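Work through the exercises below on charged side-chain pairs. Each task is followed by its solution.

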Amino acid sequence: MKTNLSINGKNYPVEAPEEMPLLWVIRDIIGLTGTKFGCGVGQCSACSILVDGILIKSCSMPLSFGIGKEITTIEGTTVNLEILREAWQEGNVPQCGYCQSGQLIAATFLLENNANPTDEDIDNAMSGNICRCGTYSRIRKAIHKVVALKNQG
């Protein structure tokens, strides 16, 4: 099937089977490799992306799901994603870094839907993202830092 995908504000022509997972289209056909393959069954969330602002696991969604929608990957930008990237870097959040693109996209989704999350809100929102290095406390701290920065104006 020939179609177009809108990813990070740019239009990409794509020729692939409509049932191909979005992850493979984004990584292997388009070449945006920031979104990672983790478990392949939607359990670890390393492949998280936003589709029309909704958090999805791209390894479990077909190409056809993304047609006509705006896709945001880790290579994209939103106000929250930009501030989160800075907080991640300042807080030395990543260790191996493999899960971090999914973590940042999930944190972006959280902050775009909850401007002042509690620890419990953060833990609930981020619970689907597995980090083998165990950087969860640094992730929570970075999210709180973003909230504090945004509340300062």
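**Exercise 1.** Find the partner of Arg140 in a salt bridge and place both residues in the chain.

Solution. In this predicted model, Arg140 pairs with Asp123, with 3.0 Å between the closest N and O atoms. Arg140 belongs to helix H6 and Asp123 to helix H5 (residues 119-126); the two are 17 residues apart, and the pair links distant parts of the chain. Next, the network: Asp119, Asp123 and Arg140 are linked by salt bridges.

**Exercise 2.** Classify Arg140 and Asp123 as buried, partly exposed or exposed.

Solution. Partly exposed covers values between 20% and 50% relative accessible area. Arg140 has 28%, so this residue is partly exposed. Asp123 has 36% and therefore falls in the partly exposed class too.

**Exercise 3.** Determine which residue forms a salt bridge with Glu90, and what the pair ties together.

Solution. The partner is Lys145, and the closest N and O atoms are 2.5 Å apart. Glu90 lies in helix H3 and Lys145 in helix H6 (residues 136-152), so the contact ties together parts 55 residues apart in sequence. Glu90 has a relative accessible area of 53% and is exposed. Lys145, at 33%, is partly exposed.

**Exercise 4.** Describe the salt bridge between Arg85 and Glu82 and its setting.

Solution. The N to O distance is 2.6 Å. Both residues lie in helix H3 (residues 79-90), three residues apart, which is about one turn of the helix. Arg85 is partly exposed at 24% relative accessibility, and Glu82 is partly exposed at 31%.

**Exercise 5.** State how many salt bridges the structure holds.

Solution. The count is four.

Conventions. Residues are numbered from 1 along each chain as its sequence is written. This is a predicted model: local features need pLDDT of at least 70, side-chain atom pairs count only at pLDDT 80 or more; totals for chains, interfaces and linings use all residues. Side-chain values use heavy atoms; hydrogens and water are left out. A salt bridge is a side-chain nitrogen of Lys or Arg within 4 Å of a carboxyl oxygen of Asp or Glu. Helices (H or I, at least four residues) and strands (E, at least two) are DSSP runs, numbered from the N terminus. Buried means under 20% relative accessible area, exposed over 50%, partly exposed in between (1.4 Å probe, protein chains only).
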